[in-house]
Amino acid sequence: MFDLIQKSFTEAEKTLQAFITNNHNLETIDKIADLIAEAFERDNKVIIFGNGGSMCDAMHFAEELAGHFRQNRKALPAIALSDPSFITCVANDFGFDEIFARGVEAYAQAGDIVVGISTSGNSLNVIKGLQKALSLDCFTVALLGGNGGKIAGTCDFELIVPSFATDRVQEIHTMIIHILLENIENRLFASI
């Protein structure tokens, strides 16, 4: 049993090291934090979505922005497209592939930041949500895994965790979200 535990930690460590030793990833995180902070300064918002565990990550990101991360500061406008009644309504009327595109159409304005999270990069509803965001002159950010799937190369900013193991990708996505939150708060509220 200890071998399996050690193997899991070692695999997680290798995935993290592969991600953080690529300076492009660190530079991209810095640029995304700037982009989001500047959007808040312009009174724009962040809209975030994903499926399953990625939806949980989207909700986590949004609630930490609108609520509180490390600093006691003003609420920041962020929403996760996660309302079950909305999702089932749109899925019933238009199909599951349209749930995020419809949410972006409802809530996004030019200059907003739209974040799609997909461990495979192949979720059609995430792809369509990001496409809708681009058509509305929003900035797009994708948190992906593996080789980035079909989403790779389509967004303004992309972070691809180099693993095809969903759990390892989600672990790094959570770290990315926390580091973004810390940096956004620091940029906007450093004097608090």
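Which residues make the nonpolar surface patch of about 670 Å²? The legends below take up this question first and refer throughout to a predicted model.

**View 1. A nonpolar patch on the surface of the predicted model.** The patch, with an area of about 670 Å², is made by M1, F2, L4, I5 and F9. Of these residues, F9 is found in helix 1, which covers residues 2-20. F9 counts as exposed because its relative accessibility is 60%, and the cut-off for that term is over 50%.

**View 2. The aromatic pair of F49 and F100.** The count of aromatic pairs comes to one. In this pair, F49 and F100 are stacked, with 4.7 Å from centre to centre and 15° between the planes. The pair links distant parts of the chain, since F49 belongs to strand 1 (residues 46-50) and F100 to helix 5 (residues 99-107), 51 residues apart. Both F49 and F100 are buried.

**View 3. An open sheet of five strands.** The strands are arranged in the order 2-1-3-4-5, and their pairing is parallel. Strand 2 (78-80) and strand 5 (157-161) stand at the edges, where each has a single partner strand, so one side of each is left without a neighbour in the sheet. On average, and with direction ignored, neighbouring strands of this sheet are turned by 15° against each other.

**View 4. The pairing of strand 4 with strand 5.** Strand 4 (residues 139-145) runs parallel to strand 5, and five bridges join the two. One of the residues to look for is A142, whose bridge partner in strand 5 is E158.

Note on methods. Residues are numbered from 1 along each chain as its sequence is written. This is a predicted model: local features need pLDDT of at least 70, side-chain atom pairs count only at pLDDT 80 or more; totals for chains, interfaces and linings use all residues. Side-chain values use heavy atoms; hydrogens and water are left out. Rings of Phe, Tyr and Trp (its six-membered ring) pair if their centres lie within 6.5 Å; planes under 30 degrees apart count as stacked, over 60 as edge-to-face and the rest as tilted. Helices (H or I, at least four residues) and strands (E, at least two) are DSSP runs, numbered from the N terminus. Buried means under 20% relative accessible area, exposed over 50%, partly exposed in between (1.4 Å probe, protein chains only). Patches are made of residues with over 30% relative accessible area and no salt bridge: like charges are joined within 9 Å, nonpolar side chains (Val, Leu, Ile, Met, Phe, Trp, Tyr) within 5 Å. Accessible areas come from the Shrake-Rupley method with a 1.4 Å probe; for residues, only the protein chains shown count as cover. A salt bridge is a side-chain nitrogen of Lys or Arg within 4 Å of a carboxyl oxygen of Asp or Glu. Two strands pair if DSSP finds at least two bridges between them. Axes are lines fitted to C-alpha atoms, for helices over the stretch in contact, and angles run from 0 to 180 degrees between N-to-C directions.
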